[in-house]
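The following note sets out points for a colleague who is examining this entry. Please read the numbered paragraphs alongside the coordinates.

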Amino acid sequence: MANDSDSTTAPGVDWDSAAASFDDEPDHGLRDPEVRRAWAGRLRDWLPGRPSDVLDLGCGTGSLSLLAAEQGHRVTGVDRSPAMVDLARAKLAGRDAAFLVGDAAAPPVEERFDVVLVRHLLWALPDPGRVLRHWRGLVRPGGRLVLVEGVWGTVSPVGIAADLLTGLLAPLASHVRVERLSGDPLLWGKAVDDERYAVVATM
Ligand SMILES: C[S@@+](CC[C@H](N)C(=O)[O-])C[C@H]1O[C@@H](n2cnc3c(N)ncnc32)[C@H](O)[C@@H]1O
């Protein structure tokens, strides 16, 4: 990746090649129990309290999908990389979860979901406003988008700022909540000083 980030996607990345080592980053693989606990706690807060249908777009190796499944949710994951999908299927073997190869901007799903969950992908998709409008159509009435994004790096930052994302969501959502994540080193396995946040947008 041509910048000093470590948590993002970027146009031109070969995700099939990256899949085998993707989980080596603390916030990707969630192998450190403290990091895992930190993400599990946030997710519990962002997802509904009752068992729900969660669509994890750009699911990667399925780390957040697994946390959601462990919290009692039914998960459908979509990723454009077949290698990522293979790893996600293995990670959630035996769980109430299904994984599909497809484009997150137009996922190959027929039904609607209680939650569309997306971490570290939206910023890199062409025309995020159009993508958000499509995702709104995938959410059941009263459902929510949970978007984990940021602006990574300091030399040549990439990403989408929270203000820009909330501006795009304002006409689509009935309520938008931003949670700042930069100040919690347990999420990242280290201290970070760039912009990292989650948005929970109720539809
Ligand atoms: C930075 S990783 C994030 C993975 C996962 N969301 C996580 O947070 O652990 C970005 C993922 O998005 C996938 N991806 C990139 N562009 C995509 C697209 N247009 N549709 C679906 N998946 C895409 C990549 O294959 C990769 O698995």
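**Notes on the predicted model**

1. *Ligand shell.* Among the 20 residues around the ligand, the nearest are Trp15, Gly58, Gly60, Ala104 and Arg119; a residue is placed in this shell if its C-beta atom, placed from the backbone, lies within 6 Å of the molecule. By class, the shell comprises eight nonpolar, eight polar and four charged residues. Here Ala, Val, Leu, Ile, Met, Phe, Trp, Tyr, Cys and Pro are nonpolar, Asp, Glu, Lys and Arg are charged, and the others, Gly among them, are polar.

2. *Basis of the analysis.* The model is predicted, and local features need pLDDT of at least 70, side-chain atom pairs count only at pLDDT 80 or more, and totals for chains, interfaces and linings use all residues. Residues are numbered from 1 along each chain as its sequence is written.

3. *Overall fold.* Eight helices and eight strands are assigned in the chain; these are DSSP runs numbered from the N terminus, with helices being H or I of at least four residues and strands E of at least two. The radius of gyration is 15 Å, which agrees with the value near 17 Å for a compact globule of 203 residues. That radius is taken over C-alpha atoms, and the globule rule is 2.2 Å times the number of residues to the power 0.38. Along the principal axes, the C-alpha atoms fill a box of roughly 40 × 40 × 30 Å.

4. *Burial and contacts.* Of the 203 residues in the chain, 43% are buried. A residue is buried if 20 or more other C-beta atoms lie within 10 Å of its own, exposed if 12 or fewer, and partly exposed in between, with C-beta atoms placed from the backbone. Among contacts with a separation of 6 or more, 64% join residues 24 or more positions apart; a contact requires C-beta atoms, placed from the backbone, within 7 Å.

5. *Annotated region.* UniProt, in an unreviewed entry, places the feature "domain: Methyltransferase type" at residues 55-147. UniProt positions follow the numbering used here, feature names are shortened, and annotations may be inferred rather than shown by experiment. Residues 55-147 are 29% helix and 32% strand, and their end C-alpha atoms lie 12 Å apart.

6. *Helix 4.* Seven of the eight residues of helix 4 (residues 63-70) are buried, so this helix is mostly covered. The buried residues are Ser63, Leu64, Ser65, Leu66, Leu67, Ala68 and Ala69. Gly72, with a positive phi near 95 degrees, follows helix 4.

7. *Helix 6.* Which residues of helix 6 (residues 128-136) are buried? They are Pro128, Val131, Leu132 and Trp135. These residues lie on the same side of helix 6, because they cover an arc of only 100 degrees around the axis; the arc is that of the directions from the helix axis to the C-beta atoms. An α-helix has 3.6 residues a turn, so residues three or four places apart point the same way. The cover over the buried residues of helix 6 includes strand 4 (113-119), strand 5 (139-152) and helix 7 (162-169).

8. *Positive phi between strand 4 and helix 6.* His120 is in the loop between strand 4 and helix 6, and its phi is positive at about 60 degrees although the residue is not a glycine. Asp127 is also found in the loop between strand 4 and helix 6; its phi is near 55 degrees, again positive in a residue other than glycine. His120 counts as buried because it has 22 C-beta neighbours inside 10 Å, whereas Asp127, with 10, counts as exposed.

9. *Arg119.* This residue of the ligand shell lies in strand 4. Arg119 is buried, with 24 C-beta neighbours inside 10 Å. Not counting residues up to four places away in sequence, Arg119 touches Leu64 and Val148. Arg119 and Arg89 are 30 residues apart in sequence, and their C-alpha atoms are 18 Å apart.

10. *Leu145.* Leu145, in strand 5, is buried, with 26 other C-beta atoms within 10 Å. Apart from neighbours within four places in sequence, Leu145 is in contact with Val116, Trp135, Val139 and Ala201. Between Leu145 and His120, 25 residues apart along the chain, the C-alpha separation is 14 Å.

Methods. Two residues are in contact if their C-beta atoms, placed from the backbone, lie within 7 Å.
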